[in-house]
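Student: Could we go through this model together, starting with one residue and working outwards to the helix packing?
Tutor: Gladly, let us have it on screen and begin.

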Amino acid sequence: MRNGWRVLLQRGPSQVQFWFIALVIGIAAGFAALFFRMGINALQHTLYGVEDVRLLHSFAESLPWYLILLIPVCGGLIVGFLLHYFTPDARVRSVADVIEGAALDNGRVEQRAGLVSALASMITLGSGGSSGREGPVVHLAAVISSRVSDWIKADGVTGRDLLGCAVAAAVSASFNAPIAGALFALEVVLRHFAVHSFAPIVIASVAGTVINRLEFGDVTEFSLRPDEALQFYVELPAFLILGLVSGLIAVAFMRGTFWAEDVANHLQRKTGLPRWLRPAVAGLLLGALAIFFPHIIGVGYETTSAALTGELLLYEAIIFAALKALAATITIAGRMGGGVFSPSLMLGALSGLAFGLIATAIFPDVSGSQTLYALAGMGAVAAAVLGAPISTTLIVFELTGDWQTGLAVMVAVSLSTAIASRLVHRSFFLTQLERRNIHLAAGPQAYLLAMFRVGKVMRPMDHENSAPQEKLLTLVEQGIYTDTNATLERALPIFENTGLDYVPVVQLAPGDGPPALEGALFHVDALKAYNRALAATAAEEHS
């Protein structure tokens, strides 16, 4: 048994024993996603009094206006207090933080902040926030895998694969989509398709799906009309245009959200608004908007279903799409919590339906169903936002159960993803990280240097091959040095700018005190550390 445990820890995903841990994590993440969804439903039932939460916006039309206004405000206040007192930056954790954990923290994420973020997002969605549930669920599952990784003292490779297992199970349980869940973990979070991680991630994904189906049955999230027209081969140029339009819509949505966040940050600084009050202000804006347009409340599956079945008029599809984008922007920029995937699905379905209504009106003799455009638009916008064309295409198929319209969806998704990836940093999540100066979009060669602290690579003063102390002190007097806590990402440009073979490493003193000399960072040592990290990353991705 001791030998088996040693093999498990050292070789992890390549061993059959590891699959049992993947199964356990898949079950745990599946239950986490299930309880999160049921918690949202219970809150919506309690706060709005609706019996069937899938018909929330229709039911909300009959409620007094002051309830529609006050419920999101109260939810925002509670969220604000939770994030203010239990997170260091009053920010909800989501998929971007999971991607960061996979790349930079050996498959670990913040556990306390993650649990608080899940609770805050549940309250947000239960009280009318206009975002999605997939982001909080993914991070919540990552908290579970991080706890297990810490418990078994897993290395980076094992920790990342456990993280992938948890994410796959959470996505599968959220959407009843086992294939897409597994590929989402590989494509979006781990960002590679290594063979060694495929089997445990699939096992966890299936486990998450089973948990979902035990509660909700083997049903799809959306139902299409049975008379769906499939005579769309001559319409392929139209779907190419739809992909182009969807990509631009996705870019506008992402940039609008980031712009709104910048504006909110600026106003918060200028007005001195307490950070715990920011979600309540966002809730007030959402409530005021929901008085006139209650379809923006919550995830929005009812409106998405209406778009996929062609029950909306052209002006309704356009107005609802614009308002949903505005509501999701307010929710996210107001730091209320939630994800962007479900809003992207709704925005894409509405935009695709509007495009289809126009296209079929112009060319009625060669056109299929308008709802086919809604389906393709749903996949195209969501794929561009997530930067995940493969898993998003499969999620659309598994959400609707319609596999025969794959050609139209794939054409639209391919073009939308191509254009969006040129106008933002690959995806919404990677752009979020880029705005925090975490450069993952360009690949390992861009972010690996940020993983190494100078203090871990330098040669201390008592090293037998350290640099002469006199020369180091002279360089310090000239202002040429680096801090022990700096990363190689910051230190390497010093070599390029000065042409030196080594630079002094100092410990900065508090206040105006002189820096204390600790050692020297040699250019060759920094490059060796970088080369070893690149080799390890390549070995993991191709194993």
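Student: Which residues is V251 in contact with, leaving aside its neighbours within four places in sequence?
Tutor: In this predicted model, V251 is in contact with A420, L423 and V424 once the neighbours within four places in sequence are left aside.

Student: And where does V251 lie, and is it buried or exposed?
Tutor: V251 lies in helix α11, and because its relative accessibility is 6%, under the 20% cut-off, V251 counts as buried.

Student: How far is V251 from I330, C-alpha to C-alpha?
Tutor: The C-alpha atoms of V251 and I330 are separated by 17 Å, and the two residues are 79 apart along the chain.

Student: Back to α11 then, how does it pack with α18?
Tutor: Helix α11, residues 236-271, and helix α18, residues 406-423, have axes 7 Å apart and pack at an angle of about 40°. An angle of about 40° is above the 35 degrees under which helices count as roughly parallel and below the range for roughly perpendicular, which starts at 65, so α11 and α18 are oblique to each other. The crossing of α11 and α18 is right-handed.

Student: Which residues of α11 and α18 meet there?
Tutor: On the α11 side the residues are L236, F239, L240, G243, L244, S246, G247, L248, V251 and R255, and these meet L407, A408, V411, A412, L415, S416, I419, A420 and L423 in α18. By class, the contact of α11 with α18 has 14 nonpolar, four polar and one charged residues.

Student: What about I241, where is it and how far is it from A412?
Tutor: I241 is also in helix α11, and its C-alpha is 7.7 Å from that of A412, although 171 residues separate I241 and A412 in sequence. I241 is partly exposed because its relative accessible area is 45%, between the limits of 20% and 50%.

Student: How do α11 and α16 pack?
Tutor: The axes of α11 and α16 are 8 Å apart, and the packing angle is about 45°. That angle makes α11 oblique to α16, and the crossing of α11 and α16 is right-handed.

Student: Which residues make the contact of α11 with α16?
Tutor: From α11 the contact uses A238, F239, L242, S246, A250, F253 and M254, and from α16 it uses L372, Y373, A376, G377, A380, V381, A384 and V385. The residues of the contact of α11 with α16 divide into 13 nonpolar, two polar and no charged.

Student: And α13 with α16, at what angle do their axes cross?
Tutor: The axes of helix α13, residues 301-308, and helix α16, residues 370-386, cross at roughly 135° and come within 8 Å. Roughly 135° lies between the upper end of the roughly perpendicular range, at 115, and the value of 145 over which helices count as roughly antiparallel, so α13 and α16 are oblique to each other. In this contact T304, A307 and L308 of α13 meet T371, A374, L375 and M378 of α16, and by class there are five nonpolar, two polar and no charged residues.

Student: L375 again, then: how far is T405 from L375?
Tutor: T405 and L375 are 30 residues apart along the chain, with their C-alpha atoms separated by 8.7 Å. T405 is placed in the loop between α17 (389-400) and α18, and because its relative accessible area is 0%, T405 is buried.

Student: Changing topic to the backbone, which residue other than glycine has a positive phi near 55°?
Tutor: That is A90, whose phi is near 55°, and A90 is found in the loop between α4 (65-86) and α5 (95-104). With a relative accessible area of 5%, A90 is buried.

Student: What is the phi of R426, and where is R426?
Tutor: R426 has a positive phi of about 75° although it is not a glycine, and its place is in the loop between α18 and α19 (428-435). R426 is partly exposed, with a relative accessible area of 45%.

Student: Last topic, how many disulfides are there?
Tutor: The count comes to zero disulfides, taking a pair of cysteine sulfur atoms within 2.5 Å as the rule. As for the cysteines C74 and C165, C74 is partly exposed with a relative accessible area of 44%, whereas C165 counts as buried at 0% relative accessibility.

Notes:
Residues numbered from 1 in each chain as written. Predicted model: local features only at pLDDT ≥ 70, side-chain atom pairs only at ≥ 80, totals over all residues. Heavy atoms only, no water. Axes fitted to C-alpha atoms, helices over the stretch in contact; angles between N-to-C directions. Helix = DSSP H or I, 4+ residues; strand = E, 2+ residues; numbered from the N terminus. Contact = heavy atoms within 4.5 Å. Nonpolar A, V, L, I, M, F, W, Y, C, P; charged D, E, K, R; others polar. Buried < 20%, exposed > 50% of the residue type's maximum accessible area, 1.4 Å probe, protein only. Left-handed = near helix turned anticlockwise from the far one by under 90°.
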